[in-house]
Amino acid sequence: MNLKIVCIAFACVFISQVASAKSDYLDDAIAEYPSINGTSLDSCSLCHSTGTNRNSYGADFDAANRNFAAIENVDSDNDGFDNITEIEALTKPGDANSHPTVQASITVKKPNGGETWTIGTKAQVTWQSTGNVGADVRIELWQNGQKVKTLKGTTPNDGKQRVALKVSLPTGTGFTVKVKSVSDPSIGDESNASFTINPVP
Ligand SMILES: [Ca+2]
Ligand SMILES: [Ca+2]
């Protein structure tokens, strides 16, 4: 047997041992999380970026003495979703570019019913958004199911906007505010209940 054959034989034994060590952990992962079997998470890339280099999830797994349950509530790749949420959604817990899809939504917080606005003052409109709502929103004033005024045609989607209550606005009861995405007006929300606008005192 020449040296070349000995080296190749050694390399094969070494590689097969590394490979079997990897697949043991993958088997453990599948035993812990049967739903990943046969999916894109059923791969070395669950814990490794390239070759034997661990990704952030693999590093946390190693640091936790290879205890999957101990790192379930950790967000290893810092993409806003903890590891168990990603595993259940079949997205990669060690890859920030892979994460669950968030439904785009807007929720009006103020006015949400019962308020009284007064012409001549400024009123605060606030809202929350999730997912990809876009950079800007528009704010509309509705009364008894009819749109009466666009208070802001476009304003940054930063969750709050003060609006000047001009004398040209109608007064009375039955008002609601709608906040909608400018890029996709089908994403929006309306005050849960109506509020009142009083004239200048
Ligand atoms: Ca994550
Ligand atoms: Ca991820």
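Asp62 is partly exposed, with 27% of its relative area accessible. This residue belongs to a predicted model, and the report below goes from its charged pairs to its calcium site, its sheet and the chain as a whole.

**Charged pairs**

Side chains of opposite charge can pair when their charged atoms come close. The model holds 5 salt bridges. In one of them, the side chain of Asp62 meets that of Arg66, with 2.8 Å from N to O. Arg66 is also placed in the middle class, because its relative accessible area of 38% lies between the 20% limit for buried and the 50% limit for exposed.

Glu140 takes part in two of the pairs described here, one with Arg138 and one with Lys147. In the pair with Arg138, the closest N and O atoms are 2.8 Å apart. In the pair with Lys147, the N to O distance is 3.7 Å. Is Glu140 buried or partly exposed? Its relative accessibility is 1%, so Glu140 counts as buried. Its two partners are classed otherwise: Arg138 is partly exposed at 22%, and Lys147 is partly exposed at 44%. Together with Lys180, the residues Arg138, Glu140 and Lys147 are linked in a network of salt bridges.

The table lists three of the salt bridges with their distances.

| Residues | N to O distance |
|---|---|
| Arg66 and Asp62 | 2.8 Å |
| Glu140 and Arg138 | 2.8 Å |
| Lys147 and Glu140 | 3.7 Å |

**The calcium site**

Which residues donate atoms to the calcium ion written as ligand 2? The protein donors are Asp77 (OD), Asp79 (OD), Glu86 (OE), Glu86 (OE), Lys92 (O), Asp95 (O) and Ser98 (O). These atoms lie 2.2 to 2.6 Å from the calcium ion (ligand 2). Along the chain, the donors follow the spacing D-x1-D-x6-E-x5-K-x2-D-x2-S.

Asp77 has a further role in the arrangement of the ions: Asp77 bridges the calcium ion (ligand 2) and the calcium ion (ligand 1). The two ions lie 4.0 Å apart. Asp77 is buried, with a relative accessible area of 9%. Asp79 also counts as buried, because its relative accessibility of 15% is under the 20% limit.

**The sheet**

Three strands, in the order β1-β3-β6, form an open sheet with antiparallel pairing. The edges are taken by β1 (105–110) and β6 (160–164). Each of these has a single partner strand, so one side of each has no neighbour in the sheet. On average, neighbouring strands of this sheet are turned by 30 degrees against each other, direction ignored.

The pairing of β1 with β3 (residues 122–130) is antiparallel and runs over 5 bridges. Within this part of the sheet, Ser105 stands opposite Thr130 in β3.

**The chain as a whole**

How many helices and strands does the protein chain have? There are 3 helices and 9 strands. Read from the N terminus on, the elements run α-α-α-β-β-β-β-β-β-β-β-β.

The protein chain has 201 residues, of which 32% are buried. The chain exposes about 11,400 Å², and carbon and sulfur atoms supply 51% of that area. Among contacts between residues at least 6 apart in sequence, 52% join residues at least 24 apart.

Note on methods
Residues numbered from 1 in each chain as written. Chains lettered and ligands numbered in written order. Predicted model: local features only at pLDDT ≥ 70, side-chain atom pairs only at ≥ 80, totals over all residues. Heavy atoms only, no water. Pairing = 2+ DSSP bridges. Helix = DSSP H or I, 4+ residues; strand = E, 2+ residues; numbered from the N terminus. Axes fitted to C-alpha atoms, helices over the stretch in contact; angles between N-to-C directions. Donors = N, O, S within 2.8 Å, 3.2 Å for Na, K, Ca; no water. Buried < 20%, exposed > 50% of the residue type's maximum accessible area, 1.4 Å probe, protein only. Salt bridge = Lys/Arg side-chain N within 4 Å of Asp/Glu carboxyl O. Contact = heavy atoms within 4.5 Å. Areas by Shrake-Rupley, 256 points an atom, 1.4 Å probe, with all protein chains shown as cover.
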